[in-house]
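Please take a moment to look over the sequence and the model before reading on. The paragraphs below move from the strands to the core and then to single residues.

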Amino acid sequence: MLGKKEKATPTNFGAINVIGEGTKITGDLSSNGDLRIDGSVEGNIITQSKCVLGASGQITGNIDAKNCDISGKVSGNVKVSDLLLIKSSGKIQGDIRTAKMVVENGGEFNGSCTMGSSVSIKKEQSSANARAAN
């Protein structure tokens, strides 16, 4: 109707979380929205959305995300259900599991890599196995 304003309901799915340069966090991070990290994190990161690690960012721990752009340094395993982008300044020291991956010229990773649709199948199977074990 004209003149009526609809009330917006807040959701966490659109939230963008930023950890600025010079900030250090010790502990695990979990989010439904996007994460951008330009500081330092010592702990695991889990997001249902996108994780962006800036050129000045460092993560010591595992990453589990839908999409991930790496421009900084990661010491830990990376599991991405859709697209992993390792930019030219990005460095990953650990194993990678992803459906798709792009590595720009100069980007580095040291570890094993499992790619393709088998990654999402293995994830579903491991979840089913964990439920069956309980």
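Helices (H or I, at least four residues) and strands (E, at least two) are DSSP runs, numbered from the N terminus, and two strands pair if DSSP finds at least two bridges between them. This is a predicted model, in which local features need pLDDT of at least 70 and side-chain atom pairs count only at pLDDT 80 or more, while totals for chains, interfaces and linings use all residues. Residues are numbered from 1 along each chain as its sequence is written, and side-chain values use heavy atoms, with hydrogens and water left out.

With those terms in hand, the protein can be described as having one helix and 16 strands. Strand β12, residues 78-86, is a good place to begin, as it pairs in the parallel sense with β9 over three bridges, and V78 in β12 is the bridge partner of I63. The pairing of β10 with β12 is also parallel, over three bridges, and here I86 in β12 is the bridge partner of I70. Strands β12 and β14 are joined in the parallel sense too, over seven bridges, with K100 in β14 as the bridge partner of L83.

Earlier in the chain, strand β4 covers residues 34-37. Four bridges join β4 to β1 (residues 16-19), and the two run parallel, with I16 standing opposite D34. Strand β4 also pairs in the parallel sense with β7 (residues 50-53), over three bridges, and there R36 stands opposite V52. Which side chains of β4 are buried? Buried means under 20% relative accessible area, exposed over 50%, and partly exposed in between (1.4 Å probe, protein chains only). The side chains of β4 alternate, so that L35 and I37 point to one face and are buried, whereas D34 and R36 point to the other and are not.

The next topic is the nonpolar core, a set of buried Ala, Val, Leu, Ile, Met, Phe, Trp, Tyr and Cys residues joined through side-chain atoms within 4.5 Å. The largest such core has 21 residues, of which I37, I45, I63, I70, V78, L84 and I92 touch the most other members. At least two residues of this core come from each of β4, β7, β9, β10, β12 and β14, and β12 gives the most, with four residues. Contact means heavy atoms within 4.5 Å, and, leaving aside neighbours within four places in sequence, I37 is in contact with several residues, including I19, I45, V52 and I59.

Just after β4 comes D38, which is found in the loop between β4 and β5. D38 counts as buried because its relative accessible area is 15%. The side chains of D38 and R36 are joined by a polar contact of 3.1 Å, where a polar contact is a pair of N or O atoms within 3.5 Å; within protein, one must be able to donate a hydrogen and the other to accept it, and residues adjacent in sequence count only if both atoms are side-chain atoms.

C113, by comparison, is found in strand β16 (residues 113-115), and C113 is called partly exposed because its relative accessible area is 31%.

Finally, pLDDT is the predictor's confidence in each residue, from 0 to 100. The protein averages a pLDDT of 85, and 77% of the residues score at least 70, but pLDDT stays under 50 over residues 7-12.
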